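Grab a pencil and work through these exercises with the structure open beside you. Try each task before you read its solution.

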Amino acid sequence: MERLSVTAFPTIALENVAVVRDGRRVLDIAGLTLAERRIGVVGLNGSGKSTLLKLIDGLVLPSEGHVTVDGLSTATDGAAIRRRVGFVFQNPDNQVVFPIVTDDLAFGLKNSGLAKAEIPARAQAALDRLGIGHLAKRRIHELSGGEKQLVALAGVITVEPATILFDEPTTLLDLRNRDRFVAVLAGLPQQTIIASHDLDLIATCERVIVIHEARVAIDAPAAAAIAAYRELAR
């Protein structure tokens with residue numbers, strides 16, 4: 001499988017979007033368009049970061065307003081959007097479910113329309129791309145946290161989405177595995193949107209959005225947004 005080359009990123013738009021739970025607005029965004037290659041999202045716990053990512057992937061539907069990816073609505077075109085937008089969760093144990101690495105990747109590919117005979121090669125190519133081809137036949141429970149996180153990412157890139165969403169991808173990793181994962185992430189050709197408390201990781205983004213009290217408080221280049229966020233956090 002050739003390395004994916006992405007030259008144009010999807011345009012993700014949120015228009016007058018609100019998510020309401022038990023009468024409380026947990027996210028309230030008047031308008032937001034996301035089209036850059038590397039976008040960071042920061043905010044205090046409970047601010048709405050994860051909800052924002054799930055809105056983009058259609059895992060959460062807006063109570064009000066519209067979310068679109070290249071004009072496709074998450075309310076009506078969820079399956080098509082999830083072929084374009086992948087999601088890497090904070091805890092890989094919630095994402096990697098089969099006991100053997102290649103079996104887990106193959107399961108994700110079975111619903112992609114890929115011919116059955118092509119699945120093993122596609123799965124192996126995704127692992128090789130991330131430098132973990134040697135883990136193909138390993139049992140998931142034997143892997144380190146960093147290896148599991150890379151396997152979860154491999155499962156996402158097998159279907160070659162144009163955008164990958166990351167929800168706190170380094171939180172459960174030690175320093176060595178954190179640095180390894182960040183290096184892999186930096187080399188991805190896809191548009192990536194990263195929600196994280198890891199400000200060193202967020203600093204590598206072109207654009208950073210600060211969510212505060214369920215709203216977009218700051219939307220700026222990384223250095224300015226992080227400085228403003230530090231002030232808000234105080």
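**Exercise 1. Find which residues UniProt assigns to a domain, and describe that span in this predicted model.**

Step 1: Start with the record. UniProt, in an unreviewed entry, places the feature "domain: ABC transporter" at residues 12–230.

Step 2: Now look at the model, which is predicted. The end C-alpha atoms of residues 12–230 lie 27 Å apart. Helix makes up 34% of the span and strand 28%.

**Exercise 2. Work out the strand order of the open sheet of four strands, and find which helix lies across strand 1, strand 2 and strand 4.**

Step 1: Read the order across the sheet: 2-1-4-5, with antiparallel pairing. The edges are strand 2 (24–34) and strand 5 (72–73), each pairing on one side only.

Step 2: Zoom in on one pair. Strand 1 (residues 12–21) and strand 4 (residues 64–69) are antiparallel and share five bridges. Pick Leu-14 and you'll find its bridge partner, Val-67, in strand 4.

Step 3: Add the helix. Helix 1 (residues 49–57) lies across strand 1, strand 2 and strand 4, at about 120° to strand 1.

Step 4: Check how covered that helix is. Seven of the nine residues of helix 1 are buried, including Leu-52, Leu-53 and Ile-56. Just after helix 1 comes Gly-58, with a positive phi near 80°.

**Exercise 3. In the open sheet of six strands, find the edge strands and the helices that pack on it.**

Step 1: The order is 6-7-8-3-9-10, and this time the pairing is mixed. A quick reminder: strands of a sheet pair through backbone hydrogen bonds, either parallel or antiparallel.

Step 2: Strand 6 (85–88) and strand 10 (215–221) are the edges, since each pairs on one side only. On average, neighbouring strands here are turned by 20° against each other, ignoring direction.

Step 3: Helix 5 (residues 145–157) lies across strand 6 and strand 7 (163–167), at about 170° to strand 6. Helix 8 (residues 222–233) also packs on the sheet, touching strand 3, strand 9 (207–212) and strand 10. The direction of helix 8 makes about 140° with that of strand 10.

**Exercise 4. Why is strand 3 largely enclosed by the rest of the structure?**

Step 1: Look at its neighbours. Strand 3 (residues 38–42) runs parallel to strand 8 (residues 191–195), with four bridges between them. Strand 3 also runs parallel to strand 9, again joined by four bridges.

Step 2: Match up some residues. Arg-38 stands opposite Thr-192 in strand 8, Ile-39 has Ile-193 of strand 8 as its bridge partner, and Val-42 stands opposite Val-210 in strand 9.

Step 3: Test both faces, using under 20% relative accessible area as the cut-off for buried. Arg-38, Gly-40 and Val-42 are buried on one side, and Ile-39 and Val-41 are buried on the other.

Step 4: Put it together. Five of the five residues of strand 3 are buried, so strand 3 is largely enclosed by the rest of the structure.

**Exercise 5. Which helix gives the most to the largest nonpolar core?**

Step 1: Here's the general idea: in soluble globular proteins, nonpolar side chains tend to be buried together.

Step 2: The largest nonpolar core has 46 residues. Among those with the most contacts inside it are Leu-105, Leu-130 and Leu-153.

Step 3: Helix 5 gives the most to this core, with seven residues.

Step 4: Try Leu-153 as a test case. Leaving out residues up to four places away in sequence, Leu-153 touches Val-88, Leu-130, Ile-164, Phe-166, Phe-181, Val-184 and Leu-188.

Step 5: Don't stop there, as another core of 26 residues lies apart from this one, with Leu-14, Ile-29, Leu-52 and Val-69 among its members.

Note on methods
Residues are numbered from 1 along each chain as its sequence is written. This is a predicted model: local features need pLDDT of at least 70, side-chain atom pairs count only at pLDDT 80 or more; totals for chains, interfaces and linings use all residues. Side-chain values use heavy atoms; hydrogens and water are left out. Two strands pair if DSSP finds at least two bridges between them. Helices (H or I, at least four residues) and strands (E, at least two) are DSSP runs, numbered from the N terminus. Contact means heavy atoms within 4.5 Å. Axes are lines fitted to C-alpha atoms, for helices over the stretch in contact, and angles run from 0 to 180 degrees between N-to-C directions. UniProt positions are given in the numbering used here, feature names are shortened, and annotations may be inferred rather than shown by experiment. Buried means under 20% relative accessible area, exposed over 50%, partly exposed in between (1.4 Å probe, protein chains only). A nonpolar core is a set of buried Ala, Val, Leu, Ile, Met, Phe, Trp, Tyr and Cys residues joined through side-chain atoms within 4.5 Å.
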